[in-house]
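Hi everyone, thanks for coming. I'd like to walk you through one structure today, so please have a look at it while I talk.

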Amino acid sequence: PLKTYSADQQRKWVAHGAIGTTIFGLLVPSAISSAFFRDLIPGYWIYIHVFLNVTTFALTFFTVGIAFATLNGMGDASEGHLKEVHHVVGLLLLLLVSFQTANGFLRPPREFITDDLNDRTPGAIHRSQTKSLTTRTLWYLSHAGCGLLIFALGTYQVHSGLGLFSKRFGTTDWGVVYLGYIFLVIIVIIGGKIWMKLRERKSKRLSFEMQSGGEFNYGDDNSSESLSFRPV
C-alpha cells in the first residue's frame, strides 16, 4: 500500500524533480553543445558556456537542498538520507558539478610554439615538447571528460528520480520518455557536429580549388594528349 504524504511534500518533490530535469536535460546538454559548436559563435561561446556552468552549479545546490530539507521532514526512518542509489548519485553529482565549475575558471592560457628555451610567457611551449601532453591538453581532457560524466550520471539521476516519484505517489513513470528525449538530444548534437565537420571540409576544398586557380581534367585514356587544364 502507498504511504500517505502531504500535498506540501509532493509539491516539494515536484520542484526538486523539475529543477533537476532542467539542469540535466537542458542546461548540461546546452553547455556541452556550446563547446561542441564553438566555431559557429567564436566570439560568444565561452560566455554562454560559463553562464550555463555557473547556473548548473547554483541550481544543483538548490535542488539538493530541497531534497535534504524534504527528506528531513518526512518523519519516516525508511525515507532517510543515502537510502537509495539515487541519493548517492545525487551527492556525487553535487561534487562533480562543483569541481567542474571551479575547474572551468582554472583553464590554462592558450598555448603557442616557440624556439626560445628561455621564453616564460604563459602558454609558451618549446618546439621539442610539442609531442607531449601539455597542461592545457590535460585540463581539456579532464574538463571534457567530467562534463560527459555529469551528463551521463544526470541522465540516470532524472530517470531514477521519476521512478521514485511514481513509486511514492502512485503516478505515471515518465522515465522512459525522458530517456527517449535524451537519445534525441544526443542524435541532434552528434548529427550537428558531423554536419559542421563536413561543411568545414567542403569549405577547405573549395578554398583550395580557388587558390589553385583551376583543376585538371583527365580524358578517358589518361594520355598526355587528353590532359587539359580548365579554369574554375
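At what angle do the axes of α3 and α4 cross? Keep in mind that this is a predicted model. The answer is roughly 150°, and the two axes come within 9 Å. An angle over 145° counts as roughly antiparallel, so that is what α3 is with respect to α4. Their crossing is left-handed. If you sort the residues of this contact by class, you find 14 nonpolar and twelve polar ones, and no charged residues.

Let's stay with α4 and look at its other partner on my list, helix α5, which covers residues 175-212. Here the axes come within 8 Å, with a crossing angle of roughly 155°. α4 and α5 are therefore roughly antiparallel to each other as well. The hand, though, is right-handed for α4 passing α5, whereas α3 and α4 make a left-handed crossing.

Which residues meet there? On the α4 side, find Phe151, Thr155, Val158, His159 and Leu162. On the α5 side they meet Gly175, Val176, Tyr178, Leu179, Ile182 and Ile186. By class, that contact has eight nonpolar residues, three polar and no charged.

Now for α5 and α1. Are these two roughly parallel or antiparallel? Their axes cross at roughly 5° and come within 11 Å. α1 and α5 are therefore roughly parallel. From α1, the residues in this contact are Thr21, Phe24, Gly25, Pro29, Ser33 and Phe36. They meet Tyr178, Tyr181, Ile182, Val185, Ile189, Lys193 and Met196 in α5. Nine of the residues in this contact are nonpolar, three are polar and one is charged. Notice that Tyr178 and Ile182 of α5 take part in the contact with α1 and also in the one with α4.

Last stop: a pocket. The second largest pocket has a volume of about 750 Å³. It is lined by 30 residues, and the closest to its centre are Ala35, Arg38, Trp45, His49 and His143. Which elements give two or more residues to this lining? They are α1 (7-36), α2 (45-72), α3 (85-104) and α4 (135-169). The largest share, nine residues, comes from α4. In terms of class, the lining has 16 nonpolar, nine polar and five charged residues.

So, if you take one helix home, take α4: it packs against α3 and α5, and it gives the largest share of that pocket's lining. Thanks, and I'm happy to take questions!

Note on methods. Residues numbered from 1 in each chain as written. Predicted model: local features only at pLDDT ≥ 70, side-chain atom pairs only at ≥ 80, totals over all residues. Heavy atoms only, no water. 1 Å grid on protein atoms, 1.4 Å probe; cavity = no way out; pocket = protein on both sides within 12 Å on 5 of 7 lines; lining within 4 Å. Points joined across faces, edges and corners; volume = space filled by probe spheres on them. Helix = DSSP H or I, 4+ residues; strand = E, 2+ residues; numbered from the N terminus. Nonpolar A, V, L, I, M, F, W, Y, C, P; charged D, E, K, R; others polar. Axes fitted to C-alpha atoms, helices over the stretch in contact; angles between N-to-C directions. Parallel < 35°, antiparallel > 145°, perpendicular 65-115°, else oblique. Left-handed = near helix turned anticlockwise from the far one by under 90°. Contact = heavy atoms within 4.5 Å.
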